[in-house]
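Colleague: Could we go through this model together? I would like to hear the reasoning behind each label.

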Amino acid sequence: MSYKLSVSHSSIKVDVNSHLAGRSLYWLAKTAGLPYYTVHKIANNKTYGISFAVLEKLCDALERQPCDLIVRALTEEQTSD
């Protein structure tokens, strides 16, 4: 059984770009064993969800924890309070 973390374009994203340390998305895809287009879509916030298996592969490749990659962006309503 595969579980999926649903993400919205406006509230939650998986941030891999700030953890690349000068390495490319191609490097990340190859190291994580994922298709390049999958990594590209995640890095550019063009996805509505990510499986925990993919998140785990990204974490392993970047030597990070899930909490390092998952970012919640504040909405306009939250920033005006």
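Colleague: How is the crossing of α1 and α3 described, left-handed or right-handed?

Modeller: In this predicted model, α1 passes α3 in a right-handed crossing.

Colleague: And what makes α1 and α3 roughly perpendicular to each other?

Modeller: The two helices pack at an angle of about 110°, with their axes 9 Å apart. Angles of 65 to 115 degrees count as roughly perpendicular, and therefore α1 and α3 get that label.

Colleague: Which residues make the contact?

Modeller: From α1 come Trp27, Leu28, Thr31 and Ala32, and from α3 come Lys57, Leu58, Ala61 and Leu62. By class, the contact of α1 with α3 has 6 nonpolar, 1 polar and 1 charged residues.

Colleague: Let us stay with Ala61 for a moment. Why is Ala61 called buried?

Modeller: Its relative accessibility is 11%, and buried means under 20%, so Ala61 counts as buried. Ala61 is found in helix α3. Leaving aside neighbours within four places in sequence, Ala61 is in contact with Trp27, Leu28, Thr31 and Ala32.

Colleague: How far apart are Ala61 and Ala32 in sequence and in space?

Modeller: They are 29 residues apart in sequence, while their C-alpha atoms are 5.2 Å apart in space.

Colleague: Now the other helix pair. Why is α1 called oblique to α2?

Modeller: Here the packing angle is about 125°, and the axes are 9 Å apart. The roughly perpendicular range is 65 to 115 degrees and roughly antiparallel means over 145. An angle of about 125° falls in neither class, so α1 is oblique to α2. As for handedness, α1 passes α2 in a right-handed crossing.

Colleague: Which residues of α1 and α2 meet?

Modeller: Leu25, Tyr26, Leu28 and Ala29 in α1 meet Tyr36, Val39, His40 and Ala43 in α2. By class, this contact has 7 nonpolar, 1 polar and no charged residues.

Colleague: What about the core: how many residues does the largest nonpolar core have?

Modeller: That core has 19 residues, and those with the most contacts inside it are Val14, Val16, Leu28 and Leu58. The elements giving two or more residues to this core are α1 (25-32), α2 (36-43) and α3 (52-62). Of these, α3 gives the most, with 6 residues.

Colleague: Which residues is Leu58 in contact with, leaving aside its neighbours within four places in sequence?

Modeller: The list is Val14, Val16, Leu28, Ala32, Leu34, Val39, Ile42, Ile50 and Leu69.

Colleague: Now two backbone cases. What is noted about phi of Ala21 and of Glu63?

Modeller: Phi of Ala21 is near 50°, a positive value in a residue other than glycine. Phi of Glu63 is near 55°, again positive in a residue other than glycine. Ala21 is found in the loop between β2 (12-14) and α1, whereas Glu63 lies in the loop between α3 and α4 (66-69).

Colleague: How do you know that Ala21 and Glu63 are exposed?

Modeller: Exposed means over 50% relative accessible area. Ala21 has 69%, so Ala21 is exposed. Glu63 has 69% relative accessibility, so Glu63 counts as exposed too.

Colleague: To finish, what pattern does the protein chain follow along the sequence?

Modeller: The pattern is β-β-α-α-β-α-α-β-α, with 5 helices and 4 strands. Buried residues make up 31% of the 81 residues. Among contacts between residues at least 6 apart in sequence, 67% join residues at least 24 apart.

Notes:
Residues numbered from 1 in each chain as written. Predicted model: local features only at pLDDT ≥ 70, side-chain atom pairs only at ≥ 80, totals over all residues. Heavy atoms only, no water. Core = buried A, V, L, I, M, F, W, Y, C linked by side-chain atoms within 4.5 Å. Buried < 20%, exposed > 50% of the residue type's maximum accessible area, 1.4 Å probe, protein only. Contact = heavy atoms within 4.5 Å. Axes fitted to C-alpha atoms, helices over the stretch in contact; angles between N-to-C directions. Parallel < 35°, antiparallel > 145°, perpendicular 65-115°, else oblique. Left-handed = near helix turned anticlockwise from the far one by under 90°. Nonpolar A, V, L, I, M, F, W, Y, C, P; charged D, E, K, R; others polar.
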